[in-house]
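Here are a few exercises to work through with the coordinates open beside you. Try each task on your own before you read the solution.

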Amino acid sequence: MYQVDDYVVCGNKGPCVVESIGPLEFNSSGDLYYTLVPLSNLGSKIFIPIEKEESRMRPVLSKEEAMDLLNHIGMIEPIGITEEKRREEIYKENVNGGNCTNLLQMIKTLSLRIQKRKENGKKITAIDEKYFHIAEDRLYAELALSLGTEREKIKKYVVEYFTPAWN
């Protein structure tokens, strides 16, 4: 069970802080809920029933896990998307899953795709740009929180490996 002020990742909302635990004022069932505040949108709240926490929440990476992920960044392989029609579906699965390795894999895949399109004189597709930014936002926010640093430092580190064309 999480505690008030714990940091968690909630589905596709990214890192959140547990603001409170208890019944909801507007729900008379007496069920207990986590009230989460997404770090990317401090004005909003998410309510997760405690009995469903395992399927919707996980703790943010520990400092050790974050360092391990960054230390192995060069071994991340791009996603092998063979069917163009499934590209957006695969992107959605990755960002909604909240797995940091998958987000890194997605950033690498999109970076290579963007670079190739630029080399061929083509524009970046709206879908690629949208999911590239979502993956970056989610990953950098969690790693910065885990490592107690700024998002821009994390981004700079990842950019050195994956995004030469995005500068």
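The exercises below concern a predicted model, and each comes with a worked solution.

**Exercise 1. The sheet**

Task: Work out the strand order of the open sheet and find which strands lie at its edges.

Solution:
- Start with the order: the five strands run β4-β3-β2-β1-β5, with antiparallel pairing.
- Next, look for strands that pair on one side only; these are β4 (46–49) and β5 (57–59), the edge strands.
- For the geometry, ignore direction and average over neighbouring strands: they are turned by 45 degrees against each other.
- Now zoom in on one pair: β1 and β2 (residues 14–22) are joined by four bridges in the antiparallel sense. Val 8 has Cys 16 in β2 as its bridge partner.

**Exercise 2. Two salt bridges across the chain**

Task: For the salt bridges Lys 45–Glu 19 and Arg 58–Glu 142, locate each partner and classify its exposure.

Solution:
- Recall that side chains of opposite charge can pair when their charged atoms come close.
- Take Lys 45 and Glu 19, with an N to O distance of 2.8 Å. Lys 45 sits in the loop between β3 (33–38) and β4, while Glu 19 belongs to strand β2, 26 residues apart.
- Apply the cut-offs: partly exposed lies between 20% and 50% relative accessible area. Lys 45, at 47%, is therefore partly exposed, and so is Glu 19, at 36%.
- Turn to Arg 58 and Glu 142, again 2.8 Å from N to O. Because Arg 58 is in strand β5 and Glu 142 in helix α5, this pair ties together parts 84 residues apart in sequence.
- Classify these two as well: Arg 58 is partly exposed at 22%, whereas Glu 142 is buried at 2%.

**Exercise 3. The span of a helix**

Task: Compare the span of helix α5 with the expected value, then see what follows the helix.

Solution:
- Helix α5 covers residues 126–147, which is 22 residues.
- From first to last C-alpha, α5 reaches 31 Å, close to the 32 Å expected at 1.5 Å a residue.
- Just after α5 comes Gly 148, with a positive phi near 60 degrees.

**Exercise 4. A nonpolar surface patch**

Task: Identify the residues that form a nonpolar patch with Tyr 7, and state their accessible area together.

Solution:
- Place Tyr 7 in strand β1.
- Check its exposure: a relative accessible area of 39% makes Tyr 7 partly exposed.
- Add the other members, Leu 39 and Leu 42; together with Tyr 7 they have about 300 Å² of accessible area.

Key: Residues are numbered from 1 along each chain as its sequence is written. This is a predicted model: local features need pLDDT of at least 70, side-chain atom pairs count only at pLDDT 80 or more; totals for chains, interfaces and linings use all residues. Side-chain values use heavy atoms; hydrogens and water are left out. Patches are made of residues with over 30% relative accessible area and no salt bridge: like charges are joined within 9 Å, nonpolar side chains (Val, Leu, Ile, Met, Phe, Trp, Tyr) within 5 Å. Accessible areas come from the Shrake-Rupley method with a 1.4 Å probe; for residues, only the protein chains shown count as cover. A salt bridge is a side-chain nitrogen of Lys or Arg within 4 Å of a carboxyl oxygen of Asp or Glu. Helices (H or I, at least four residues) and strands (E, at least two) are DSSP runs, numbered from the N terminus. Buried means under 20% relative accessible area, exposed over 50%, partly exposed in between (1.4 Å probe, protein chains only). The expected span of a helix is 1.5 Å times one less than its number of residues. Two strands pair if DSSP finds at least two bridges between them. Axes are lines fitted to C-alpha atoms, for helices over the stretch in contact, and angles run from 0 to 180 degrees between N-to-C directions.
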